[in-house]
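Here are my comments on the structure you asked me to look at, set out as numbered points. They concern the ligand site and one of the helices.

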Amino acid sequence: MFKKVLIANRGEIALRVIRACRDLGLRSVAVHSTADADALHVRFADEKVCIGPPPSRQSYLNIPALISAAEVTGADAIHPGYGFLAENAEFAEVVQKCGLTWIGPQPHVMRTMGDKVSARQAMEAAGVPVVPGTPIIETDRQAEEAIERIGLPVIIKATGGGGGRGMKIVDEPRRLLTQLAAARSEAQAGFNNPAVYLERYIGRPRHIEVQVLGDGQSAIALGERECSIQRRHQKLIEEAPSVALDDARRVELLRAARKATAAIGYRTVGTLEFLLDENKQFFFIEMNTRIQVEHTVTEAVFGVDLVREQMRLAAGDPLHLPAEMRPRGHAIELRINAEDPVTFAPSPGTITALNLPGGIGIRVDTHIYAHYRVPPFYDSLLAKLIAHGDNRNVALARVRRALDEVVVEGIKTNCDLHRRVLSHPDFIGGRFDTHFLERL
Ligand code: ADP
């Protein structure tokens, strides 16, 4: 097995990986921009390398700087975390060509699954239901034919898209072509790829995703996560398991996910994302070929360290978890962000006072500390607050109790928004879809 892991990331996920390294007896190397010189991941890793100035493009996305950092420190593996270069197949290839272990999927799998259109095709071929849609739209005529076949409304998505950005809903035929043109230019600007396609727009879906692990030969599905509480198509609260699935539907969903993961020869941890429509039919939307922010709720209910599993799979170990594991109890995660509660604009600045919660059933994954300065350059996630209990009511009571103990002064956070969701009768009753926050 590799001995020293360079973590090509920052923030809470860098700390998460450093902790897994410690548990496995591996050495860790932190990289950081000049804006992150005082960050916790830098302090807690065994070694550190400054890789450039604050803008991500010159630091956390700077492939030559990352590879040089691995070379000078003698790291023999790279963990990409999530975001930044985690789904960049070219980076994975460079890492492997330099003789380092890439703690992620095979680059060709990243390429197929990183493109939403080819991912849809791969899943369809594996027998997984996908949202009715199209290949890449080349001409206006193709788009017009597509809406005749699929019906309105449709959603225009970028094949290279991510982060909930750039999607456009079309509900009138006369708006199709202008929206298509706008979507293409936004996709070009945002993802450096103008290719877009159409999907049926599902009105009131729930977002349910399946955690999968594969070793190239076999695969397992480690339960599902409910991620319907979103703002601007970005997740805010996640839980495991989902209250929307009965046993039969769950078995069907997990079986489809497991089969598909094995069919693509997948060899690491990953997530298949689905929408569940009002008739409780599920449809694949995309795959994330990396560890996700919300992996923690799965860890809570299954008692599995997913980052450790990811490292073992990268080292070539076969899957060793039993194929049919059952979740224990219920877990809920809140993403605590530095953002304006009304506009959702990021709120960087210095944290003047801080208290983080604790007690039975609570886990907090965070990189913040008192007097930490939240830099304006990166995403706004401050902390993940995860509560676990024997059932959903216990987890809910614990997450509310923990939220009440949170004190973050000096910057704005979304804690009040979380309070409103957690006390809403429909959230408590499990009656919600991806539009819940818009109606709140
Ligand atoms: P991204 O990669 O940008 O996160 P996804 O394909 O994962 O995009 O979709 C993000 C969210 O957008 C979903 O969780 C859902 O809320 C919404 N969405 C995506 N596709 C559809 C669809 N066909 N119908 C309705 N909502 C959708």
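1. The model is predicted, and the comments below should be read with that in mind. I begin with the polar contacts of the ligand: a polar side-chain atom of Lys157 lies 2.8 Å from a nitrogen atom of the ligand, while a polar side-chain atom of Lys116 lies 2.7 Å from an oxygen atom of the ligand. The backbone takes part as well, since a polar backbone atom of Ile202 is 2.9 Å from a ligand nitrogen atom. Taken alone, the ligand exposes 550 Å², and the protein buries 95% of that area.

2. The shell around the ligand comprises 20 residues, of which Lys116, Gly164, His207, Gln230 and Glu286 come nearest. By class, the shell divides into seven charged, seven polar and six nonpolar residues.

3. As to where these residues come from, the strands β6 (154–158), β8 (196–200), β12 (269–276) and β13 (282–288) each supply at least two residues of the shell. The ligand lies between domain 2 (132–200) and domain 3 (206–439), because both domains give residues to the shell around it.

4. A separate point concerns helix α7, which spans residues 140–150 and whose buried residues are Ala143, Ala146, Ile147 and Ile150. Seen down the axis of α7, these buried residues fall within an arc of 95°, and therefore line one face of the helix. An α-helix has 3.6 residues a turn, so residues three or four places apart point the same way. The face of α7 turned away from the buried side carries Glu148 and Arg149, which are exposed.

Key
Residues are numbered from 1 along each chain as its sequence is written. This is a predicted model: local features need pLDDT of at least 70, side-chain atom pairs count only at pLDDT 80 or more; totals for chains, interfaces and linings use all residues. Side-chain values use heavy atoms; hydrogens and water are left out. A residue is near a molecule or strand if one of its heavy atoms lies within 4 Å of it. A polar contact is a pair of N or O atoms within 3.5 Å; within protein, one must be able to donate a hydrogen and the other to accept it, and residues adjacent in sequence count only if both atoms are side-chain atoms. Accessible areas come from the Shrake-Rupley method with a 1.4 Å probe; for residues, only the protein chains shown count as cover. Helices (H or I, at least four residues) and strands (E, at least two) are DSSP runs, numbered from the N terminus. Ala, Val, Leu, Ile, Met, Phe, Trp, Tyr, Cys and Pro count as nonpolar, Asp, Glu, Lys and Arg as charged, and the others, Gly among them, as polar. Domain bounds come from an automatic or database domain assignment. Buried means under 20% relative accessible area, exposed over 50%, partly exposed in between (1.4 Å probe, protein chains only). The arc is that of the directions from the helix axis to the C-beta atoms.
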